[in-house]
Amino acid sequence: MTDLFQLFAVSAVVMGLSQTLTRERLFAPLREWLGGKETWCGYLASCPYCTSHYVAFVLVPLTGTYPITVVVGGWPGTVLSWFLSSILVTVIAAFFRVLFWFVDEAQGLVRRRQRSEEEEIATRQVVRKKVEQELSPEAPDEPRPPVPH
């Protein structure tokens with residue numbers, strides 16, 4: 001069970017790091033320096049899925065997350081296990097990214113709905129003030145007598 005938790009935790013970290021590297025303003029100068037989406041290298045640094053491969057290739061051996069073992073021995077087996085485990089982490093991270101997108105999109109819908117309600121309330125207040133100004137008589141030059149209680 002802890003191996004499964006570690007697999008999902010490393011995948012979540014890969015998703016978060018690749019999302020941060022490819023979408024956040026903090027790394028925009030790096031993406032621009034690499035050429036943005038117009039160059040091959042810049043595209044690889046601007047694509048969350050592409051970047052998640054690089055992040056997984058680094059994090060899998062650092063964390064020891066090897067959910068896939070192969071029967072080939074020696075260094076070819078080690079490299080193959082590292083490569084396939086990194087691909088699995090990347091694929092799980094891609095699913096997390098989709099879930100994250102749905103959550104983020106739902107939050108965006110809530111914010112847009114709230115903004116439109118606020119705009120509608122503000123419009124109603126402006127219309128109400130205009131109507132009140134049109135309906136109220138012009139202020140006379142003489143002060144009005146006080147109204148008895």
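**Notes on an all-helical chain and its ring cluster**

1. Let's start with Phe83, which is partly exposed, at 37% relative accessibility. That label fits because buried would need a value under 20% and exposed one over 50%, and 37% for Phe83 lies in between. Keep in mind throughout that this is a predicted model.

2. Now the wider fold. The chain has five helices and zero strands, and reading from the N terminus the elements go α-α-α-α-α. Of the 149 residues in the chain, 24% are buried. The accessible surface amounts to about 11,500 Å², and carbon and sulfur atoms account for 66% of that. Taking contacts between residues at least 6 apart in sequence, 58% join residues at least 24 apart.

3. Back to the rings: the structure holds three aromatic pairs. One of them is Phe57 with Trp82, where the ring centres are 5.2 Å apart and the planes sit at 45°, so I'd call this pair tilted. The angle is neither under 30 degrees, which would be stacked, nor over 60, which would be edge-to-face. The pair ties together distant parts of the chain, with Phe57 in helix H4 (residues 48-63) and Trp82 in helix H5 (residues 74-135), 25 residues apart.

4. Are these two partners buried or exposed? Somewhere in the middle: Phe57 is partly exposed at a relative accessible area of 21%, and Trp82 is also partly exposed, at 27%. Note that the cut-off for buried is under 20%, and Phe57 comes in at 21%.

5. Phe57 has a second ring partner, Phe83. Here the centres are 5.9 Å apart and the planes are at 20°, so the pair is stacked. This one, too, links distant parts of the chain: Phe57 belongs to H4 and Phe83 to H5, with their positions 26 residues apart in sequence. Put together, ring pairs join Phe57, Trp82 and Phe83 into a cluster.

6. On annotation: UniProt, in an unreviewed entry, places a "transmembrane region" at residues 79-103. In the model that stretch is 100% helix and 0% strand, and its end C-alpha atoms are 36 Å apart.

7. Helix H1 deserves a look of its own. Residues 2-23 make up its 22 residues, and the distance from first to last C-alpha is 31 Å, close to the 32 Å expected at 1.5 Å a residue. Its buried residues are Leu7, Val10, Ser11, Val14, Met15, Ser18, Gln19 and Thr22. Which side do they take? They cover an arc of only 170° around the axis, so they fall on the same side of H1. The general background is that an α-helix has 3.6 residues a turn, so residues three or four places apart point the same way. Over on the other side of H1, Thr2 and Phe5 are exposed.

8. Last, Phe27, which sits in the loop between H1 and helix H2 (28-33). Phe27 counts as partly exposed, at 25% relative accessibility. What does Phe27 contact, once its neighbours within four places in sequence are left aside? Thr20 and Leu21. Phe27 and Ala45 are 18 residues apart in sequence, and their C-alpha atoms are 9.6 Å apart in space.

Technical notes: Residues are numbered from 1 along each chain as its sequence is written. This is a predicted model: local features need pLDDT of at least 70, side-chain atom pairs count only at pLDDT 80 or more; totals for chains, interfaces and linings use all residues. Side-chain values use heavy atoms; hydrogens and water are left out. Rings of Phe, Tyr and Trp (its six-membered ring) pair if their centres lie within 6.5 Å; planes under 30 degrees apart count as stacked, over 60 as edge-to-face and the rest as tilted. Helices (H or I, at least four residues) and strands (E, at least two) are DSSP runs, numbered from the N terminus. Buried means under 20% relative accessible area, exposed over 50%, partly exposed in between (1.4 Å probe, protein chains only). Contact means heavy atoms within 4.5 Å. Accessible areas come from the Shrake-Rupley method with a 1.4 Å probe; for residues, only the protein chains shown count as cover. UniProt positions are given in the numbering used here, feature names are shortened, and annotations may be inferred rather than shown by experiment. The expected span of a helix is 1.5 Å times one less than its number of residues. The arc is that of the directions from the helix axis to the C-beta atoms.
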